[in-house]
Amino acid sequence: MQPPAESLSSDQVDLHRWRTSHLDALERAIYESLDHLVPWMPWAADPGRQQTADFLTKMQQKWESGEAYGYAITSDAEVIGTCVLMRRIGAGGLEIGYWLHPAWTGRGLATMACTALVAQGFQLPGIDRIEIHHDAANHASGAVARRLGFTEVERVRPPEGPVAPGESGITVIRRMTADQWRTRPTGTAARRAG
Ligand SMILES: CC(C)(COP(=O)(O)OP(=O)(O)OC[C@H]1O[C@@H](n2cnc3c(N)ncnc32)[C@H](O)[C@@H]1OP(=O)(O)O)[C@@H](O)C(=O)NCCC(=O)NCCS
């Protein structure tokens with residue numbers, strides 16, 4: 001299975017494949033971001049060095065198996081967030097996930113990182129659609145998907161209900177097809193970020 005590039009760039013951010021050597025930098029970024037992550041990320045309720053180390057080990061294993069490709073989002077070599085391409089929505093599809101340190105939000109950096117991720121995702125063999133799944137109450141996450149040009153295709157109520165305290169329990173599924181990405185209009189934030 002052809003893996004993606006280990007480093008990607010988009011405008012003001014660089015993405016680097018997660019390595020276990022990122023442990024200190026990731027642990028620091030998580031601790032400084034906890035208040036901002038807890039409403040949306042269930043794992044943030046129970047943070048710790050071991051959990052972060054386990055995450056990096058899992059990222060390494062999933063990269064090797066082709067299950068997921070996780071990257072540190074960096075700016076001037078500082079780790080400022082995470083983004084990941086995941087094969088968990090069926091054949092031909094990839095889902096992306098992301099978070100940013102709150103000191104780095106409001107500048108388009110998540111959109112830039114995801115632009116690089118989506119462009120790379122569509123270069124992988126057989127990928128015809130990429131999705132972003134976010135809770136309906138997570139407006140900042142939905143706005144990233146809209147800036148990238150993703151279209152809402154469905155709202156679902158997962159049986160487990162809300163899994164983090166900010167969630168409504170309604171998941172919005174937004175999608176970009178390979179054709180839409182190739183022919184997306186110029187002049188959007190996504191294009192600027194790309
Ligand atoms: C979701 C999250 C990554 C969004 O971060 P963000 O910084 O708001 O997103 P972007 O990088 O797209 O930045 C958009 C903001 O930068 C501004 N911006 C400035 N330059 C820009 C550019 N070149 N391109 C796009 N936006 C730009 C936009 O106007 C927008 O500002 P606003 O929020 O005041 O409207 C962040 O809120 C987060 O980490 N949340 C917690 C974790 C989470 O919910 N993750 C998603 C789970 S599904």
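**Helices and strands of a predicted model**

Tutor: Let us begin with helix 3 (residues 109-121), which lies across strand 1, strand 2, strand 3, strand 4, strand 5 (93-100), strand 6 and strand 8, and which runs at about 160° to strand 5. The model is predicted, so local features need a pLDDT of at least 70 and side-chain atom pairs count only at pLDDT 80 or more, whereas totals for chains, interfaces and linings use all residues. Residues are numbered from 1 along each chain as its sequence is written.

Student: What makes a stretch a helix or a strand, such as helix 3 or strand 5?

Tutor: Both are DSSP runs numbered from the N terminus, a helix being H or I over at least four residues and a strand being E over at least two.

Student: Why are helix 3 and helix 4 called oblique to each other?

Tutor: The axes of helix 3 and helix 4 (residues 139-148) come within 10 Å and cross at roughly 55°. Such axes are lines fitted to C-alpha atoms, for helices over the stretch in contact, and the angles run from 0 to 180 degrees between N-to-C directions. Angles under 35 degrees count as roughly parallel, over 145 as roughly antiparallel, 65 to 115 as roughly perpendicular and the rest as oblique; helix 3 and helix 4 are therefore oblique to each other. Their crossing is right-handed, a term used if the near helix is turned clockwise from the far one by less than a right angle, with anticlockwise giving left-handed.

Student: Which residues make the contact of helix 3 with helix 4?

Tutor: Ala-110, Thr-111, Cys-114, Thr-115 and Val-118 of helix 3 make it with Val-144, Arg-147 and Leu-148 of helix 4, where contact requires C-beta atoms, placed from the backbone, to lie within 7 Å. By class, this contact has five nonpolar, two polar and one charged residues. In that scheme Ala, Val, Leu, Ile, Met, Phe, Trp, Tyr, Cys and Pro count as nonpolar, Asp, Glu, Lys and Arg as charged, and the others, Gly among them, as polar.

Student: How do you know which word describes helix 1 against helix 2?

Tutor: Helix 1 (residues 23-37) and helix 2 (residues 49-65) pack at an angle of about 125°, with their axes 10 Å apart. That angle makes helix 1 oblique to helix 2. The two helices cross in the right-handed sense, and Leu-23, Leu-26, Glu-27 and Ile-30 in helix 1 meet Arg-49, Thr-52, Ala-53 and Leu-56 in helix 2. The residues of this contact divide into five nonpolar, one polar and two charged.

Student: What makes strand 1 and strand 7 edge strands?

Tutor: The open sheet has eight strands in the order 1-2-3-4-5-6-8-7, with mixed pairing. Strand 1 and strand 7 each have a single partner strand, so one side of each is left without a neighbour in the sheet. Two strands pair if DSSP finds at least two bridges between them. At one edge, strand 1 and strand 2 pair in the antiparallel sense over four bridges, with Leu-8 having Leu-15 as its bridge partner in strand 2. At the other edge, five bridges join strand 7 (residues 151-156) to strand 8 (residues 171-177), again antiparallel, and Glu-152 stands opposite Arg-174 in strand 8. Strand 8 also pairs with strand 6 (residues 129-135) in the antiparallel sense over seven bridges, one of which sets Ile-130 opposite Met-176.

Student: Why is strand 7 said to lie largely in the open?

Tutor: A residue is buried if 20 or more other C-beta atoms, placed from the backbone, lie within 10 Å of its own, exposed if 12 or fewer, and partly exposed in between. Of the six residues of strand 7, the number buried is zero, so this strand lies largely in the open.

Student: What is unusual about phi of Asp-11, and how do you know whether Asp-11 is buried or exposed?

Tutor: Most residues other than glycine have a negative phi. Phi of Asp-11, however, is near 55°, a positive value, and Asp-11 sits in the hairpin of strand 1 and strand 2, which has two residues between the strands. With 15 C-beta neighbours inside 10 Å, Asp-11 counts as partly exposed.

Student: Why is Ala-77 called exposed?

Tutor: Ala-77 has 9 other C-beta atoms within 10 Å, and is therefore exposed. Ala-77 lies in the loop between strand 3 (68-75) and strand 4 (78-86), and has a positive phi of about 70° although it is not a glycine.

Definitions and conventions
Contact = placed C-beta atoms within 7 Å.
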